[in-house]
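Here's a quick walk through a model, written for someone who'd rather be at the bench. Have the structure open and follow along.

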Amino acid sequence: MSDLFASLYTSKRISPGQAAALIPSGSKVAMGLGVSQPPALLEALAQRAGAGEVSDISLYYMLATAIAGETVLRYELRDRIRPVSLFHSGVERALDAIGLRENVPLVEVIPVAFSQVPRMLTEHIGVDTLLVTVSPMDEDGNFSFGTNTDYALAVSRSARRVILEVNPHMPRVQGNCVIHVSQVTALVEHAAPLLALPEATPGAEDLAIAKIIAGLVEDGACLQMGIGALPDAVCSALRGHRHLGIHTELMTPGMAELMRLGVVDNSRKQRHAGRSVFTFAMGDAPLYDFIDGNPLLEAHPVDYVNDPAVIARNHRMVSVNATLQVDLEGACNSEFMNGRQFSAAGGQLDFVRGAYASSGGRSIIACHSTAARGTVSRIVPALSGPVTTPRNDTHIIVTEYGWVDLKGKSVSERARALIGIAHPDFRDALAHPQ
């Protein structure tokens, strides 16, 4: 490491409290997504807000974790820090429940596709501050965004204040995912284990759906997967495949295991051949160890990874995403439940369109046939929330009762096909509505 970079590092290293004091009232702050949410910085900002030393903070982010929920997103800070969610988690759902009881909205929501988030934060909102966790600095003076390049890279290049939390547990990843010490306003050092997700146990429906999806994936296909028990089950069902590739917004333990087993070798990809590409990672410690310094992986910003035109460059692209409801014409609601925001649009439509545009590609949307312990059908006459994937874009729908290809089917043909993969208890009511 050069003396210049070391000197710059030392000159910008301060305490979490000093770093939080750099954020004035009225700031527009972007917080890292998921694993990259910085515990020490968020606690220091929450303490300042709690003491009345800062107010009128607008906080923009996706997928809050308990780290944020226990600090800057605490209920008692609601009049000083305004949460603006681009993708809900359990943290926002809990706040929304309180807000519903008190008849006061506690969390603002901005509908946006994941691929558009960097432009939205930098151009339309004009975020002025970035708070994010990074890896330690390398000999060239660069910090890696590690698990989370997503929107962090774009914001780091436009924000007035870039405040980093340097964590030795954050992996160093190859790709377009670094920031130089000369671009940093301030940094704090804080060693803490990265957030680990509990392993999701697949149910019988997940296993049945996974088996169907695996049968739709050809050797040599390129994969995108979501998060949760179902995508993990799909990865397990793909272990007999060969020469698969990965181009995904989210890198998961299941996908990493396919790389370890040699099922994924990226040898048939047309873009980034030989490399698995992702924009953020969430999982467990073995996943973070696996991506650390791994030359077979690259992280890139989400406006690149989720660009449908980029996705389509790999042949036989297969996207696998989940939904909450499908109407009888094929439109999907993947973000609204019981009259409230449950998650968000995320990158579903980005990959639905990109996968279908790829040569030989398939966009797959999966869901259990029922919800609420079998009392509610997920295939419905009309959606009870926003349209996440329009009927024009829907390709393949899968439930535990089978799969249907909606392309080329009329409205009446779609309805009959979807009723055929609904739960048997609801088929008659769907076919003969009152």
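Which residue follows H6, and is its phi positive or negative? Gly126 comes right after H6, and its phi is positive, near 75°. Keep in mind that this is a predicted model. The rest is grouped by topic below.

**Annotated domains**
- UniProt, in an unreviewed entry, lists residues 9-191 as "domain: Acetyl-CoA hydrolase/transferase N-terminal".
- That span, residues 9-191, is 28% helix and 21% strand, and its end C-alpha atoms sit 17 Å apart.
- An unreviewed UniProt entry also gives "domain: Acetyl-CoA hydrolase/transferase C-terminal", covering residues 283-431.
- For residues 283-431 the figures are 29% helix and 25% strand, with 41 Å between the end C-alpha atoms.

**The seven-stranded sheet**
- Seven strands make up an open sheet with parallel pairing, in the order S4-S3-S2-S1-S5-S7-S9.
- At the edges you'll find strand S4 (108-109) and strand S9 (186-189), each of which pairs on one side only.
- Inside that order, S2 (residues 57-61) runs parallel to S3 (residues 81-85), and five bridges join the two.
- To find your place on this pair, look for Tyr61, which stands opposite Ser85 in S3.

**Thr65, in the loop after S2**
- Going on from S2, Thr65 turns up in the loop that leads to helix H4 (66-69).
- Is Thr65 buried or exposed? Thr65 counts as buried because its relative accessible area is 6%, and the cut-off for buried is under 20%.
- Leaving aside residues up to four places away in sequence, Thr65 touches Gly34, Gln37, Val91 and Leu195.
- One of those contacts, Gln37, is 28 residues from Thr65 in sequence, yet their C-alpha atoms are 7.7 Å apart in space.

**Helix H6**
- H6 spans residues 117-125, and Val117, Pro118, Met120, Leu121 and Ile125 in this helix are buried.
- What covers these buried residues of H6? The cover includes strand S1 (28-31), S2, helix H7 (152-156) and helix H12 (302-305).
- S1 and S2 also belong to the seven-stranded sheet, so you can use them to move from the sheet to H6.

**Strands S10 and S11**
- On S10 (residues 222-225), Cys222 and Gln224 point one way while Leu223 and Met225 point the other way.
- Each of these four S10 residues is buried, whichever way it points.
- S10 pairs in the parallel sense with S11 (residues 245-246), over two bridges.
- Across that pair, Leu223 stands opposite Ile246 in S11.

**Cavities**
- How many cavities of 30 Å³ or more are there? The count comes to two.
- The largest cavity holds about 50 Å³ of space.
- Its lining consists of Val72, Leu73, Arg74, Tyr75, Leu77, Arg78, Ile81, Pro83, Leu95 and Leu106.
- Eight residues in the lining of the largest cavity are nonpolar, two are charged and none is polar.
- Two of the lining residues, Ile81 and Pro83, lie in S3 (residues 81-85).
- The second largest cavity has a volume of about 30 Å³.
- Among the residues lining the second largest cavity are Cys222, Gly245, His243, Asn266, Arg268, Lys269 and His315.
- The second largest cavity's lining divides into three nonpolar, six polar and two charged residues.
- Cys222, in this second lining, is also one of the buried residues of S10.

Terms used. Residues are numbered from 1 along each chain as its sequence is written. This is a predicted model: local features need pLDDT of at least 70, side-chain atom pairs count only at pLDDT 80 or more; totals for chains, interfaces and linings use all residues. Side-chain values use heavy atoms; hydrogens and water are left out. UniProt positions are given in the numbering used here, feature names are shortened, and annotations may be inferred rather than shown by experiment. On a 1 Å grid over the protein atoms alone, a cavity is a set of points where a 1.4 Å probe fits but cannot get out, and a pocket is an open set with protein on both sides within 12 Å along at least five of seven lines; lining residues have an atom within 4 Å of a point. Grid points are joined across faces, edges and corners, and a volume is the space filled by probe spheres set on the points. Ala, Val, Leu, Ile, Met, Phe, Trp, Tyr, Cys and Pro count as nonpolar, Asp, Glu, Lys and Arg as charged, and the others, Gly among them, as polar. Two strands pair if DSSP finds at least two bridges between them. Buried means under 20% relative accessible area, exposed over 50%, partly exposed in between (1.4 Å probe, protein chains only). Contact means heavy atoms within 4.5 Å.
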